[in-house]
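Q: Could you take me through one part of this protein model up close? I'm new to reading structures, so please go step by step.

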Amino acid sequence: MADGKTLSRRDAIKGVIAAGAVSSAGYLFRAPSVGAQVSAPGSVERLITLTVNGQQRRVDVMKQETLATTLRYKLGLTGTKLGCDRSECGACTVLLDDVPHYSCSVLTHTARGKKIQSIEGLAAADGTLHPVQQGVVEEQGFQCAFCMSGFIMATVGYLKVNPSPTRAELAHGISGNLCRCQDYDKILTSLMRGAELSRRA
Ligand code: FES
Ligand code: FES
């Protein structure tokens with residue numbers, strides 16, 4: 001390998017290491033002496049606190065990072081699925097302040113100060129399933145179930161604004177969620193059962 005190429009690769013590695021050192025300084029050192037570096041134009045604080053499923057979670061988040069990425073790969077909450085990763089399928093649905101959102105299209109930094117709820121936060125502390133989860137268990141509405149957590153979260157969110165939907169209303173309310181196995185009739189039956197159990201709870 002020519003010297004020029006060797007040097008440029010080495011330089012690139014040095015650059016990456018240097019960039020990591022500067023970005024990590026943002027949360028490792030908060031003394032005024034490094035303040036000028038930390039508050040560079042366009043920079044954001046990377047170590048932030050999120051409220052996830054009722055817990056305060058400290059996490060290192062890049063400014064362009066999506067909430068789905070943070071939940072799955074930083075916090076280990078893999079119940080939130082990534083299907084399309086571009087706001088089309090709803091597999092990544094979570095609740096932000098009780099409203100369903102596609103977490104693949106929410107920047108994590110914008111979720112600061114909000115109540116984030118994922119599928120892992122639905123069951124009670126003693127393991128009792130949320131009524132919508134119970135409805136799915138009873139009616140066995142999903143085939144591969146990849147889309148299931150998104151449908152459940154969308155339904156839980158929808159029932160907060162319409163606790164007694166007709167089948168058509170619920171179908172419309174969760175129409176932002178898609179299922180590749182396409183057994184929508186059974187899915188709706190399960191979720192309507194969940195709505196019924198929610199009213200009784
Ligand atoms: S993965 Fe987010 S909408 Fe499909
Ligand atoms: S049950 Fe397979 S994608 Fe929905």
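A: Sure, let's look at helix H7. This is a predicted model, so a quick check on the helix's length is a good way in. H7 has 17 residues, and at 1.5 Å a residue they should span 24 Å. The C-alpha atoms at its two ends are 24 Å apart, so the expected span and the model agree.

Next, which residues of H7 are buried? They are Ile 187, Leu 188, Ser 190, Leu 191, Arg 193, Gly 194, Ala 195 and Leu 197. And what covers them? The cover includes H4, H5 and helix H6, which runs over 167-173.

Now for the nonpolar core that H7 helps to build. The largest nonpolar core has 21 residues, and Leu 191 is among those with the most contacts inside it, along with Phe 151, Ile 152 and Ile 174. Helix H4 (131-139), helix H5 (148-161) and helix H7 (184-200) each supply at least two of the core's residues. H5 gives the largest share, with seven residues.

To see how H7 connects to its surroundings, pick out Ile 174. Leaving aside residues up to four places away in sequence, Ile 174 touches Leu 188 and Leu 191, and also Phe 151, Ala 154 and Thr 155. Leu 188 and Leu 191 are two of the buried residues of H7 we listed above.

One last thing, away from our helix: there's a second, separate core of 14 residues, and its members include Ile 48, Leu 50, Leu 67 and Val 106.

How values were computed:
Residues numbered from 1 in each chain as written. Chains lettered and ligands numbered in written order. Predicted model: local features only at pLDDT ≥ 70, side-chain atom pairs only at ≥ 80, totals over all residues. Heavy atoms only, no water. Core = buried A, V, L, I, M, F, W, Y, C linked by side-chain atoms within 4.5 Å. Buried < 20%, exposed > 50% of the residue type's maximum accessible area, 1.4 Å probe, protein only. Helix = DSSP H or I, 4+ residues; strand = E, 2+ residues; numbered from the N terminus. Contact = heavy atoms within 4.5 Å. Expected span 1.5 Å × (residues − 1).
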